[in-house]
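This briefing is meant to be read with the structure open beside it. Please take the topics in turn and find each residue in the display before moving on.

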Amino acid sequence: MSNLKTPSYKILCAFWFLFLMQSQVFCYQYKVGDLDSWGIPTSADPQLYTKWSKFHTLRLGDSLLFLYPPSQDSVIQVTEEYFKTCNLKDPILYMDNGNSLFNITSSGEFYFTSGKPGHCEKKQKLHISVPGNGSAFSPSYGPSALPDSAAGPSYPTVFGSIPQPPSSSSSSSPYQRVSVFMTAIIGSAICVVIKGIM
């Protein structure tokens, strides 16, 4: 019998663990604006939030973190029409604690802007798209690129409900289960073979 404490066995087990981890689904928390806090974009980067949403892949279960000084700003979720016209009345959701978290619990189009008058007109607004299959795409921006219908709220409270797993009828679901199962079988077989060699 081989020694399970040998370095090569530990390395093999570490690689097997990492391989299994890659087949799992993870949810991420994204800080809106990355290094910049939620605020009016600078003149050097007026399209900050347009670029930000274009280069981030968002999925069901992910969340958006808006950081800002609560005495100076807020975040509101609005309809597409209100987003286009910078109308701050009757928001779907109002967040003003400076550390606002928006959980993505449904697919669709989501529109956010600052709740402070004048900020939206200065391009402090964000549009994200999350399709129903759990993957995301980047919307093309401009008045003609936006869909005609406005999305409703994704949840009744700031923290929202827990997203439901994809239905078993989705085409990727059975393949994912087989992939995880086959990875476990192959990894176990490799460990047995290596153990026999040592």
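In this structure, which is a predicted model, Phe112 has Leu126 as its bridge partner in strand E7. On another strand, Gln77 stands opposite Phe112 in E6, and so this residue offers a convenient place from which to begin.

**The chain as a whole**

- The chain holds four helices and seven strands, and when it is read along the sequence these elements follow the pattern α-β-α-β-β-α-β-β-β-β-α.
- Of the 198 residues in the chain, 33% are buried, and the accessible surface comes to about 11900 Å², with 61% of that area belonging to carbon and sulfur atoms.
- Among the contacts with a separation of 6 or more, 74% are made by residues that are 24 or more positions apart.

**The sheet of four strands**

- Four strands form an open sheet in the order E4-E3-E6-E7, and the pairing in this sheet is antiparallel.
- The edge strands of this sheet are E4 and E7, each of which pairs on one side only, while the twist from one strand to the next averages 20°.
- Strand E6, which covers residues 108-114, is mostly covered, since seven of its seven residues are buried.
- On one side, E6 pairs with strand E3 (residues 75-78) in the antiparallel sense over four bridges, and the place where Gln77 stands opposite Phe112 belongs to E6 as well.
- Strand E7 (residues 125-130) also runs antiparallel to E6, and six bridges join the two; in E7, His127 is the bridge partner of Tyr111, and Leu126 is the bridge partner of Phe112.
- As background to these pairings, side chains in a regular strand alternate between the two faces of the sheet.

**The sheet of three strands**

- A further open sheet has three strands in the order E1-E2-E5, and here the pairing is mixed.
- Strand E1 (29-31) and strand E5 (99-103) stand at the edges with a single partner strand each, so one side of each is left without a neighbour in the sheet.
- In this sheet of three strands, the twist averages 25° from one strand to the next.
- Strand E2 (residues 63-67) pairs with E5 in the antiparallel sense over five bridges, and the bridge partner of Leu65 in E5 is Leu101.

**Aromatic rings**

- A pair of aromatic rings is described by two quantities, namely the distance of the centres and the angle of the planes.
- The count of aromatic pairs comes to eight, and in one of them the rings of Trp38 and Tyr49 have their centres 4.8 Å apart with their planes at 55°, so this pair is tilted.
- Trp38 lies in the loop between E1 and helix H2 (48-54) and Tyr49 lies in helix H2, so that the pair links distant parts of the chain that are eleven residues apart.
- Trp38 is buried, with a relative accessible area of 1%, and Tyr49 likewise counts as buried at 1% relative accessibility.
- The rings of Phe83 and Tyr111 have their centres 5.1 Å apart and their planes at 50°, so this pair too is tilted.
- Phe83 belongs to helix H3 and Tyr111 to strand E6, and their pair links distant parts of the chain, 28 residues apart; both residues are buried.
- Ring pairs also link Trp38, Tyr49, Phe66, Phe102, Phe110 and Phe112 into a cluster.
- The ring of Phe83 has a charged neighbour as well, for the charged end of Lys125 sits over this ring, 4.7 Å from its centre.

**Loop residues with positive phi**

- Asp90 has a positive phi of about 50° although it is not a glycine, and this residue lies in the loop between helix H3 (80-85) and strand E4 (93-95).
- Is Asp90 buried or exposed? With a relative accessible area of 64%, Asp90 is exposed, because the cut-off for that word is over 50%.
- Lys123 is another residue other than glycine with a positive phi, in this case near 70°, and its place is in the loop between E6 and E7.
- At 40% relative accessibility, Lys123 counts as partly exposed.

How values were computed
Residues are numbered from 1 along each chain as its sequence is written. This is a predicted model: local features need pLDDT of at least 70, side-chain atom pairs count only at pLDDT 80 or more; totals for chains, interfaces and linings use all residues. Side-chain values use heavy atoms; hydrogens and water are left out. Buried means under 20% relative accessible area, exposed over 50%, partly exposed in between (1.4 Å probe, protein chains only). Two strands pair if DSSP finds at least two bridges between them. Contact means heavy atoms within 4.5 Å. Accessible areas come from the Shrake-Rupley method with a 1.4 Å probe; for residues, only the protein chains shown count as cover. Axes are lines fitted to C-alpha atoms, for helices over the stretch in contact, and angles run from 0 to 180 degrees between N-to-C directions. Rings of Phe, Tyr and Trp (its six-membered ring) pair if their centres lie within 6.5 Å; planes under 30 degrees apart count as stacked, over 60 as edge-to-face and the rest as tilted. A charge sits over a ring if NZ of Lys or CZ of Arg is within 6 Å of the ring centre and within 35 degrees of the ring normal.
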